[in-house]
Amino acid sequence: MLKLLAKEMKLTASVLSYVFIAFALMAFLPGYPILIGTFFCCLGMFQTFQAAREANDIAYTALLPVAKSDIVKARYGFCVFIEACYFLLTAAVTLIRMTILTDVAAYTNNVLMPANIVYLSFVLIIFGCFNSIFVGGFFKTAYQFGKPFVCFIIVAYLVVGMGETLFHIPGLEALGTLGFDHSGTQLGALCLGFVLFIALTFLSMKKAVRNFETIDI
């Protein structure tokens, strides 16, 4: 399993999957829907799936003396690794914005979603949707990925729209706090994001393993 994961990271992965981690720095941008950076990270991972299909990577890997279930788990592991790198980088940017830059006029006058703990929760939800809708959808055939990615795009932008809307609703203003005010509410939202990410990823991986076992490579 670890060797397969190393293969995914060193041989299968498109360089864009790593380059697009830098979109986590978009959390510094004022007056911009910063959750879009998360979508770009997913787009980078999509490039790996595309490159792997063109190289017939799945068929090659299936010829190795490995379990078919490990092929699925290794691809999921790669995606989770990229997502974790992105999350840690954007979390560092968020911490800077919530402390050192919290009083900067460009951020205090920003009407769009601020970089705060709730933002990190939405990042996790988008990644969970990617793992469930796109990665899980890909392993229904282990070849076709256009439809699953289009479905993910629709859901991702709905989540972005939700993130940009909720804190404007009366009674939910705490979701748009710039600093550490209402930290209890924000931490609760982050916990919800983690739970959804883990559930969506784990359940879709189990289903993807079952689907892949039935495919005649």
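**View 1. A nonpolar patch on the surface, built from Phe194, Ile198, Phe202 and Leu203.** Together these four side chains offer about 410 Å² of accessible area, a value from the Shrake-Rupley method with a 1.4 Å probe, where for residues only the protein chains shown count as cover. To join a patch, a residue needs over 30% relative accessible area and no salt bridge; nonpolar side chains (Val, Leu, Ile, Met, Phe, Trp, Tyr) are linked within 5 Å, like charges within 9 Å. Phe194 sits in helix 9, residues 183–213; helices here are DSSP runs (H or I, at least four residues; strands are E, at least two), numbered from the N terminus. With 36% relative accessibility, Phe194 is classed as partly exposed, the class between buried (under 20% relative accessible area) and exposed (over 50%), again with a 1.4 Å probe and protein chains only. A word on what you're looking at: this is a predicted model, so local features need pLDDT of at least 70 and side-chain atom pairs count only at pLDDT 80 or more, while totals for chains, interfaces and linings use all residues. Residues are numbered from 1 along each chain as its sequence is written, and side-chain values use heavy atoms, with hydrogens and water left out.

**View 2. Inside the largest nonpolar core, which has 61 residues.** A core here is a set of buried Ala, Val, Leu, Ile, Met, Phe, Trp, Tyr and Cys residues joined through side-chain atoms within 4.5 Å. Tyr119, Phe130, Phe134, Phe139 and Phe152 have the most contacts inside this core. Two or more residues each come from helix 3 (36–54), helix 5 (68–98), helix 7 (117–138), helix 8 (146–166) and helix 9. Helix 7 gives the largest share, 15 residues. Which residues does Phe134 touch, not counting those up to four places away in sequence? They are Phe46, Phe49, Cys129, Phe145, Pro148, Phe149 and Phe152, where contact means heavy atoms within 4.5 Å.

**View 3. A salt-bridge network that joins Lys7, Glu8, Asp57 and Arg75.** The structure holds five salt bridges, each one a side-chain nitrogen of Lys or Arg within 4 Å of a carboxyl oxygen of Asp or Glu. Start with the sequence neighbours: Lys7 and Glu8 pair up at 3.4 Å, N to O. Lys7 also bridges to Asp57, with the closest N and O atoms 3.0 Å apart. That second pair links distant parts of the chain, from Lys7 in helix 1 (residues 2–12) to Asp57 in helix 4 (residues 57–62), 50 residues apart. Glu8, for its part, meets Arg75 in a salt bridge at 2.6 Å, N to O. Since Arg75 belongs to helix 5 and Glu8 to helix 1, this pair ties together parts that are 67 residues apart in sequence. Are these charged side chains buried or exposed? Buried: relative accessibility is 10% for Lys7, 2% for Glu8, 9% for Asp57 and 1% for Arg75.

**View 4. Tyr76 and its contacts in helix 5 and beyond.** At 1% relative accessibility, Tyr76 counts as buried. Leaving aside neighbours within four places in sequence, Tyr76 is in contact with Asn131, Val135, Gly136, Phe139, Thr201, Ser204, Met205 and Ala208. Ala208 is 132 residues away along the chain, yet the C-alpha atoms of Tyr76 and Ala208 are separated by 9.7 Å.

**View 5. Cysteines without a disulfide.** How many disulfides are there? The count comes to zero, with a disulfide taken as a pair of cysteine sulfur atoms within 2.5 Å. For Cys85, the closest cysteine sulfur is that of Cys41, and at 8.8 Å it is too far for a bond. For Cys151, the closest is in Cys129, 12 Å away and also too far for a bond. Cys85 is partly exposed at 28% relative accessibility, and Cys151 is partly exposed at 34%.

**View 6. Positive phi in two loop residues, Ala142 and His182.** Ala142 isn't a glycine, but its phi is positive, at about 60°. This residue lies in the loop between helix 7 and helix 8, and Ala142 is buried, with a relative accessible area of 10%. His182 lies in the loop between helix 8 and helix 9. Its phi is near 55°, a positive value in another residue that is not glycine.
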